[in-house]
Amino acid sequence: MASARSTARSLAKPFLIGGSLGLAYVTYKTLRPPAPQARAVSDSSQPPKIPPIPSRLEQLNRLRAANTKETEYDLLIIGGGATGSGIALDAASRGLKVACIERDDFSSGTSSKSTKLVHGGVRYLEKAVKELDYSQYELVREALKERATFLTIAPHLSMSLPIMLPIYEWWKAPYFWAGTKCYDLLAGKENLESSYFLTRGKAIEAFPMLKSDGLAGALVYYDGSHNDSRMNVTIALTAAICGATIANHTEVTELLKDESGKICGVKARDLIDPKAENITIRAKGVINATGPFTDSIRKLDGGASTQEIVAPSSGVHIVLPGYFSPKHMGLIDPSTSDGRVIFFLPWQGNTIAGTTDAPTTITPHPLPREEEINWILSEVQRYVSPTITIRRSDVLAAWSGIRPLVKDPDAKNTESLVRNHLINVSPSGLITIAGGKWTTYRQMSEEAVDSAINTFSLPKSPCKTEQLQLVGAQGFSKTLFINLVQTFGIDAEVAHHLAHNYGDRAWAVAELSSPTAERFPLRGKRLAGMYPFIDGEVRYAVRNEYAQTAVDVLARRTRLAFLNVNAALEALPGVVDLMAEELKWDKNRKNKEWTDTCEFLVSMGLPEKRASVTRKEVENGIVKKWAEEDVGGKLIILVAPY
């Protein structure tokens with residue numbers, strides 16, 4: 001009898017929670033103020049006036065000039081990921097003299113290897129309710145606020161995305177309904193759109209690939225999606241327009257300290273020019289925003305015995321063809337076989353599935369483990385129709401990103417991980433910011449600059465980034481692509497891609513594109529036939545976005561390496577030749593770019609045994625032969641299992 005009562009209570013609990021939250025939600029919707037008016041945009045039918053951005057050489061010369069007390073920077077940021085670039089933008093927009101240097105490229109690490117979501121985190125909200133954890137609640141509330149800001153300041157790079165939560169046990173419907181409505185409620189006036197319930201038939205209509213056996217219905221809620229590395233690069237470019245000195249491929253080799261032991265600058269070197277002399281850069285304050293590499297900079301400050309605060313976690317994603325998901329609908333599996341959450345999302349014409357979460361070691365280009373790839377495939381297969389088989393050979397690319405979970409060195413229990421992000425000031429004055437998530441980069445940057453202003457007694461002024469639109473946003477509209485087609489005669493798919501990845505800078509990209517010598521399209525030679533990336537993007541990336549290597553272009557200015565590793569390899573000869581024209585590379589440099597890029601593509605899913613492929617072999621069609629072999633039934637081993 002007691003067991004029966006317990007079962008009844010457990011079944012009734014979701015209904016009681018759902019009913020209570022439903023009543024609260026109806027009340028909230030009734031009293032909720034009207035949504036804010038849509039932002040005003042400039043005329044997208046005319047090309048904008050683009051302010052000039054200093055060249056990379058000019059930026060390096062600025063760094064060299066800042067070697068005295070009189071010419072020093074207010075702040076120098078180490079790290080050009082989302083957080084580091086965000087700090088540079090925040091500080092520069094407040095009128096501070098700022099420099100930001102990055103050892104590799106902007107967004108070369110974790111910031112380019114995310115799930116591509118701009119979200120509050122429904123699973124964090126569930127934990128907050130289940131565990132009565134107020135810190136988790138605050139994390140979700142802050143992220144939802146930043147989600148709205150994100151979509152406002154970069155509308156060309158981000159968008160609202162409905163995400164389906166399929167329900168295969170009818171009694172779970174009230175529980176999930178209550179959860180999604182609570183998510184809406186927490187977003188308040190910044191909610192994107194209201195979540196809703198779909199019957200079984202409507203769910204299959206919206207997501208035809210979904211497994212129908214046992215399906216009771218589905219809930220759909222809204223979050224954001226974005227192009228992470230282009231967002232990162234755009235933040236850095238906006239910082240440069242605001243006056244910040246930014247330099248990629250520039251490595252910090254030493255932290256400089258004054259007589260009192262306080263940090264007063266850094267020594268750095270240009271990795272593109274091995275003959276260049278080291279650069280001494282003075283600054284009132286230095287901020288460490290290097291993500292997974294946080295501890296390496298902390299050890300430059302405090303020595304090899306410095307306590308490590310980063311607990312690196314690996315997150316693997318795979319990319320599948322776009323036909324595995326609807327164009328404008330994602331899917332979340334809230335309860336995988338081992339209790340993790342997995343997303344299945346449309347992105348840039350393909351489908352992303354991930355992520356895993358496992359301890360890892362820190363390397364510049366981590367490899368996705370075969371066992372993690374197969375785990376993702378098996379979990380996704382559980383939710384698709386039995387008539388659809390997702391094969392190992394369907395994986396177009398795979399990558400592993402390192403999430404830098406952090407421990408607070410000042411906490412009593414230094415082994416416990418912080419829930420959100422961490423800002424720490426060392427005795428020598430090094431400010432370290434670590435942890436957090438993509439969605440909250442702007443809030444993290446604001447807090448870091450506030451801390452720096454107080455720590456280094458810098459001029460105080462309010463943060464401006466909440467309303468500061470990023471490069472490309474001013475003249476963007478959803479119909480911009482039509483103007484590009486009509487003006488330049490480029491393909492409609494290409495025009496749409498340019499508009500939604502460059503915003504109003506798409507005019508300049510289209511203008512740099514070569515004539516095709518065809519009746520239509522008139523301009524824009526594709527780098528890879530299946531994808532809308534064109535030659536003008538390579539030229540624009542070199543001239544206006546500080547691209548210095550073929551990997552910069554293939555992985556972070558375009559996203560071809562993330563979408564299809566074989567297509568990226570096929571595009572490599574053309575990319576190297578275009579960059580060689582722009583940057584005056586000699587034969588040795590072109591050969592180096594080929595070797596370096598092939599090695600990088602291994603971290604994106606290219607089998608290691610194929611990394612030694614030659615340019616001549618690629619130009620003679622070997623990649624097509626590989627594809628024929630793989631489709632013929634051979635299992636692709638993207639990387640060797642551990």
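Tutor: Start with a rule for sorting residues. Ala, Val, Leu, Ile, Met, Phe, Trp, Tyr, Cys and Pro count as nonpolar; Asp, Glu, Lys and Arg count as charged; the others, Gly among them, count as polar. Keep in mind that this is a predicted model.

Student: How many cavities of 30 Å³ or more does a search of the whole structure find?

Tutor: Two. The largest has a volume of about 70 Å³. The second largest has about 50 Å³.

Student: What makes a space a cavity?

Tutor: A 1.4 Å probe fits there but cannot get out. Rolling a probe the size of a water molecule over the atoms shows where empty space is left.

Student: Which residues line the largest cavity?

Tutor: Phe207, Leu210, Leu331, Asp333, Ile342, Phe343, Phe344, Glu379, Val380, Tyr383 and Val384. Two or more of the lining residues come from each of β12 (330-333), β13 (342-347) and α10 (370-381). The largest share, three residues, belongs to β13.

Student: How does that lining divide by class?

Tutor: Nine residues are nonpolar, none is polar and two are charged. Asp333 and Glu379 are in the lining. Asp and Glu count as charged, so these two residues go in that class.

Student: Which residues line the second largest cavity?

Tutor: His156, Arg230, Thr234, Leu237, Val471, Asn501, Tyr502, Arg505, Tyr540 and Glu545. α8 (228-241) and α13 (492-502) each supply at least two of them. α8 gives the most, with three residues.

Student: What are the classes in the lining of the second largest cavity?

Tutor: Four residues are nonpolar, three polar and three charged. Tyr502 and Tyr540 belong to this lining, and they count as nonpolar because Tyr is on that list.

Student: Now the helices. Why is α4 called roughly perpendicular to α6?

Tutor: Look at the axes. Helix α4 (residues 122-130) and helix α6 (residues 173-187) have axes that come within 10 Å and cross at roughly 105°. Angles of 65 to 115 degrees count as roughly perpendicular. The crossing falls in that range, so α4 is roughly perpendicular to α6.

Student: Which residues of α4 and α6 meet?

Tutor: From α4, Val122, Leu125, Glu126 and Lys130. From α6, Tyr175, Gly179, Cys182, Tyr183 and Leu186. Six residues of this contact are nonpolar, one is polar and two are charged. Gly counts as polar, so Gly179 goes in that class.

Student: What is said of the phi of Ser107?

Tutor: Ser107 has a positive phi of about 70°, although it is not a glycine. Most residues other than glycine have a negative phi. Ser107 sits in the loop between β2 (98-101) and β3 (117-118).

Student: How do you know whether Ser107 is buried or exposed?

Tutor: Buried means under 20% relative accessible area. Ser107 is at 1%, so it counts as buried.

Student: What about His249: buried or exposed?

Tutor: His249 is at 7% relative accessibility, so it is buried too by the under 20% rule. His249 also has a positive phi, about 55°, without being a glycine. Its place is the loop between β7 (245-247) and β8 (250-257).

Student: Which residue does a cis peptide bond join to Gly354?

Tutor: Thr355, with omega about 20°. Thr355 lies in the loop between β14 (350-354) and β15 (358-359).

Student: What is the peptide bond from Phe520 to Pro521?

Tutor: Cis, with omega near 0°. Pro521 is in the loop between α14 (506-511) and α15 (535-544). Most peptide bonds are trans.

Notes. Residues numbered from 1 in each chain as written. Predicted model: local features only at pLDDT ≥ 70, side-chain atom pairs only at ≥ 80, totals over all residues. Heavy atoms only, no water. 1 Å grid on protein atoms, 1.4 Å probe; cavity = no way out; pocket = protein on both sides within 12 Å on 5 of 7 lines; lining within 4 Å. Points joined across faces, edges and corners; volume = space filled by probe spheres on them. Helix = DSSP H or I, 4+ residues; strand = E, 2+ residues; numbered from the N terminus. Axes fitted to C-alpha atoms, helices over the stretch in contact; angles between N-to-C directions. Parallel < 35°, antiparallel > 145°, perpendicular 65-115°, else oblique. Contact = heavy atoms within 4.5 Å. Buried < 20%, exposed > 50% of the residue type's maximum accessible area, 1.4 Å probe, protein only.
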